[in-house]
Amino acid sequence: MIQIAVLGYGTVGSGVVEVIDINHVGINKKAGDDIEIKYVLDLRDFPRNPVNKKLVHDFEIIINDPDVKIIVETIGGVNPAYEFTKRALLEGKSVCTSNKELVAKHGLELLEIAKVKDTNYLFEASCGGGIPIIRPLNSSLTADEIDEITGILNGTTNYILSKMASDGSSFDKVLKEAQEMGYAERNPEADVEGYDACRKIAILSSLAFGYHVDFEDIYTEGIEKITATDIEYAKAIGTRIKLLSTSRKIENGFYAMVSPVMIDANNPMFSVQGMFNAIFIHGNVLGDVIFYGSGAGKFPTASAVVADVVDCAKHLHRNIRMNWSSKKLALMDISQVTNRFFVRVAGSRAEKFKKIEAVFGKVEPVSISSLTEEFAFITEEIEEAEYKERAEKIEGIISMIRARF
């Protein structure tokens, strides 16, 4: 029998307990042993819940129990999750987590400890919820030289943008609805400002490229400035706006960024709607591959965590090597990256378009009949720095969104 402990009985933690209870026969068969939850750590009591019999409030009980071989960390955040995880690994216990914030900030250190202690730190659920992506990157795709990862990595922002597109609502209205439905946190900053997606692309990039990618080095924009008018323009030209996280190897080096992007129907992310996530990977041998599914939610995320528990059970006292080097990957300055740009301008197209062409060269004009006091244009592909320099010469620019089509 392999005894485990679950830290945190919130959405994901309770899901882990339920998944193990519901599918215990199949899980035990795949693990090659009986997996039993001995403890659940939480500050709260749950008197009407059977889990109360396993509930403890003191982490010391868990860390000092030699029978506990695997710990599931679903506390979230950095502290005390970091302290608990580090202590567990140093004691020779394996840890499985869905905590992308902790993995992005301290994953490299925790993996090194696991390697030294011949135990495991696994985080399949940290980047794609229920989408299996960490394991494929670490095993199935190792014969390829990966040169691009692009994904919709945050279900909350994808839901908001999808809803804005479907009914023409404002960002603030849809965000409020998403919070009421439980799709968005009370404090949605990590999601809507792109920080959640940034951490995830940092983790994926570190595994794909084999070097450490620091999430703090990644250029990040959120969706909080996207308006119903932006959505209207996007519809008019047959595109959709998505929050895309991208890391790419190009001729000059590597770059990574998170930002809203206009894409058309030729892009595999175009049809990814609602709370669903998708991850596109390009390898020099395999070519294109896409992973698609529920990127968040209680049971999809818990399922991925339990899959890691099974993996840990099959590799007790044997470290699973992860392709994440301590050598830091130097990212290009975002100013050197090329994109097309969709630009909204206040004023009359008849009055301003010649000046715009003189500054930007060939551009595609975009007008909507209901908008008489503004228009838009789409540039050719140019460097970010070049766009910024030219935009300063045009009066009345309202906003800009990157475009890939």
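In the predicted model, Val40 stands opposite Leu55 of strand 3. Strand 2, residues 35–41, is joined to strand 3 by two bridges, and the two strands run parallel. Both belong to an open sheet of six strands, arranged in the order 3-2-1-4-5-6 with parallel pairing. The edges of this sheet are formed by strand 3 (55–56) and strand 6 (121–122); each has a single partner strand, so one side of each is left without a neighbour in the sheet.

Antiparallel pairing is found around strand 7, which spans residues 146–152. This strand is mostly covered, with six of its seven residues buried. Strand 7 pairs with strand 11 in the antiparallel sense over six bridges, and four bridges join strand 7 to strand 9 (residues 239–250), also antiparallel. Ile149 takes part in both contacts: Ile149 stands opposite Ile281 in strand 11 and opposite Ser247 in strand 9.

Strand 11 (residues 276–283) also contributes Phe276 to an aromatic pair with Tyr292 of strand 12. Among the aromatic side chains, the count comes to 11 pairs. In one of them, the rings of Tyr159 and Tyr183 have their centres 4.9 Å apart and their planes at 75°, so this pair is edge-to-face. Tyr159 lies in helix 8 (residues 155–167), whereas Tyr183 lies in the loop between helix 9 (171–180) and helix 10 (189–192); the pair therefore ties together parts that are 24 residues apart in sequence. The two partners fall into separate accessibility classes: Tyr159 is buried, with a relative accessible area of 11%, and Tyr183 is partly exposed at 32%. In the pair of Phe276 and Tyr292, by contrast, the ring centres are 5.2 Å apart and the planes are at 5°, so the pair is stacked. With Phe276 in strand 11 and Tyr292 in strand 12, this pair ties together parts that are 16 residues apart in sequence. An aromatic cluster is formed by Phe341, Phe360, Phe377 and Tyr387.

The stacked pair is also part of a surface feature. Phe276, Ile290 and Tyr292 form a nonpolar patch on the surface, with about 290 Å² of accessible area together. Ile290 lies in strand 12, which covers residues 287–294. Each member of the patch is partly exposed: the relative accessible area is 33% for Phe276, 43% for Ile290 and 49% for Tyr292.

The count of disulfides comes to zero. Cys96 is in no disulfide, and the nearest cysteine sulfur, that of Cys312, is 3.6 Å away. Seen from Cys312, the closest cysteine sulfur is that of Cys96, and the distance of 3.6 Å is too far for a bond, because a disulfide requires the two sulfur atoms to lie within 2.5 Å. Both cysteines are buried: the relative accessible area is 0% for Cys96 and 0% for Cys312.

Methods:
Residues numbered from 1 in each chain as written. Predicted model: local features only at pLDDT ≥ 70, side-chain atom pairs only at ≥ 80, totals over all residues. Heavy atoms only, no water. Buried < 20%, exposed > 50% of the residue type's maximum accessible area, 1.4 Å probe, protein only. Pairing = 2+ DSSP bridges. Patch = residues over 30% accessible without salt bridge, like charges linked within 9 Å, V, L, I, M, F, W, Y side chains within 5 Å. Areas by Shrake-Rupley, 256 points an atom, 1.4 Å probe, with all protein chains shown as cover. Salt bridge = Lys/Arg side-chain N within 4 Å of Asp/Glu carboxyl O. Phe/Tyr/Trp six-rings, centres within 6.5 Å; stacked < 30°, edge-to-face > 60°.
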